[in-house]
Amino acid sequence: MRISCSPGFLGSMIGSIDLRPTKHNQPPSTTSQITEHVDPELIAIPYVTDPDFGSHFDAMKMMNGTYQEEFHDSYDVEFTIDVDKKGYITQFEHTFPLERYLDLIRTQSYNVIQTNWRGQSFHVMTYSYMEEVINLNNVIFRCTNAEDVFVVAELIPFRAGGVVEQPGNLYLHFRALISARDDLYPIDYMRQPDFDLNLD
C-alpha cells in the first residue's frame, strides 16, 4: 500500500494514501528516503487475525448517510478524498506531520486485521495508532448502501496553529477502512509496505 509523505505548503507535510493499486503507484517506489529515517527491519504492514476485533466498532456511532452523502453535512476534509463511480474510496490526502508519519511506521501502526463484524468476515486496514482506531468517540460511515465497506473516522473541530478556529466545523480524520471487498482492496496490495518519503 503506498503511503506517501512530502512537502506541502508553508512548510507543512502532506500525506497521501492510495487504497488501491493503480498503474501510477506500482511497483513500489525506488526513490523513497524512508530507510534513511526508519530501520528497514521495522518497515512492514503486519497481518493479524483477531475474530473479536470487530466488536470495537459496535459502540461507535453509525452515521445516517453514506460517506459521500454526509460530506459538507456532518464533516469536511482538508484536501481531497477520491472515490470511484460507485462511492468506494480510492485515495485520501491530509496534513501529515513528518514525525507522526515516521512514528506510525516505526511502531507498525499500519495493520491489516482479519476479523468478524455484523455477522460476516471483514478486513480492517488501520491508518492511525490503535488507540485512535478503537476510540469509542469515532463514527462510522458506510461507503455505499451495499454496506460492504465502511470508513472509521474521528471528527475533530478545525484547528489552525493549535487553536480551535471553527468549533462548529468538523474535519474528518481517517482512522481505518473496514472492507468485505477484497476485490476492490486487495490484501496483497494492502500488506505491501510502500512508504514513499520525499523531503526534497
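**Exercise 1. The aromatic pair**

Are tryptophan 117 and phenylalanine 150 buried or exposed? Classify the geometry of their ring pair and place the pair in the fold.

*Solution.* The model is predicted.
- Step 1: tryptophan 117 is buried, and phenylalanine 150 is buried as well.
- Step 2: searching the whole structure gives 14 aromatic pairs.
- Step 3: in the pair of tryptophan 117 and phenylalanine 150, the ring centres are 5.0 Å apart and the planes stand at 80 degrees. Planes over 60 degrees apart count as edge-to-face, so this pair is edge-to-face.
- Step 4: tryptophan 117 sits in strand S7 (residues 111-117) and phenylalanine 150 in strand S10 (residues 149-160). They are 33 residues apart, and the pair links distant parts of the chain.
- Step 5: widen the view. Ring pairs join Trp117 and Phe150 with Phe53, Phe57 and Phe122 in a cluster.

**Exercise 2. The open sheet**

Give the strand order of the five-stranded open sheet, then find its edges.

*Solution.*
- Step 1: the order is S5-S6-S2-S1-S12, with mixed pairing.
- Step 2: S5 (81-83) and S12 each have a single partner strand, so they stand at the edges. One side of each is left without a neighbour in the sheet.
- Step 3: on average, neighbouring strands are turned by 10 degrees against each other, direction ignored.
- Step 4: look at S1 and S12. They run parallel and are joined by four bridges. Serine 4 stands opposite aspartate 196 in S12.
- Step 5: sort the side chains of S12. In a regular strand, side chains alternate between the two faces of the sheet. Asp194 and Asp196 point one way, Phe195 and Leu197 the other. All of these are buried.

**Exercise 3. The helix on the sheet**

Which residues of helix H2 (residues 98-106) are buried? Explain their placement and find their packing partners.

*Solution.*
- Step 1: the buried residues are Tyr101, Leu102, Leu104 and Ile105.
- Step 2: they lie on the same side of H2, because they cover an arc of only 160 degrees around the axis. The general rule: an α-helix has 3.6 residues a turn, so residues three or four places apart point the same way.
- Step 3: these buried residues pack against S1 (2-7) and S12 (194-197).
- Step 4: H2 lies across S1, S2 (13-18) and S12. Its angle to S12 is about 155 degrees.
- Step 5: glutamine 108, just after H2, takes a positive phi of about 50 degrees.

**Exercise 4. Methionine 125**

Where is methionine 125 found, and what is it in contact with beyond its neighbours within four places in sequence?

*Solution.*
- Step 1: methionine 125 belongs to strand S8 (residues 120-126).
- Step 2: its relative accessibility is 0%, so methionine 125 counts as buried.
- Step 3: with those neighbours left aside, methionine 125 is in contact with Asn111, Val112, Arg175, Ala176, Leu177, Ser179, Tyr185 and Met190.
- Step 4: compare sequence and space. Methionine 125 and isoleucine 187 are 62 residues apart in sequence, and their C-alpha atoms are 9.5 Å apart.

**Exercise 5. Cysteines**

How many disulfides does the structure hold? Then assign cysteine 5 and cysteine 143 to a burial class.

*Solution.*
- Step 1: the structure holds zero disulfides.
- Step 2: the cut-off for buried is under 20% relative accessible area.
- Step 3: cysteine 5 has 0% relative accessibility, so cysteine 5 counts as buried.
- Step 4: cysteine 143 has 2%, so cysteine 143 counts as buried.

Note on methods
Residues are numbered from 1 along each chain as its sequence is written. This is a predicted model: local features need pLDDT of at least 70, side-chain atom pairs count only at pLDDT 80 or more; totals for chains, interfaces and linings use all residues. Side-chain values use heavy atoms; hydrogens and water are left out. Buried means under 20% relative accessible area, exposed over 50%, partly exposed in between (1.4 Å probe, protein chains only). Helices (H or I, at least four residues) and strands (E, at least two) are DSSP runs, numbered from the N terminus. The arc is that of the directions from the helix axis to the C-beta atoms. Contact means heavy atoms within 4.5 Å. Two strands pair if DSSP finds at least two bridges between them. Axes are lines fitted to C-alpha atoms, for helices over the stretch in contact, and angles run from 0 to 180 degrees between N-to-C directions. A disulfide is a pair of cysteine sulfur atoms within 2.5 Å. Rings of Phe, Tyr and Trp (its six-membered ring) pair if their centres lie within 6.5 Å; planes under 30 degrees apart count as stacked, over 60 as edge-to-face and the rest as tilted.
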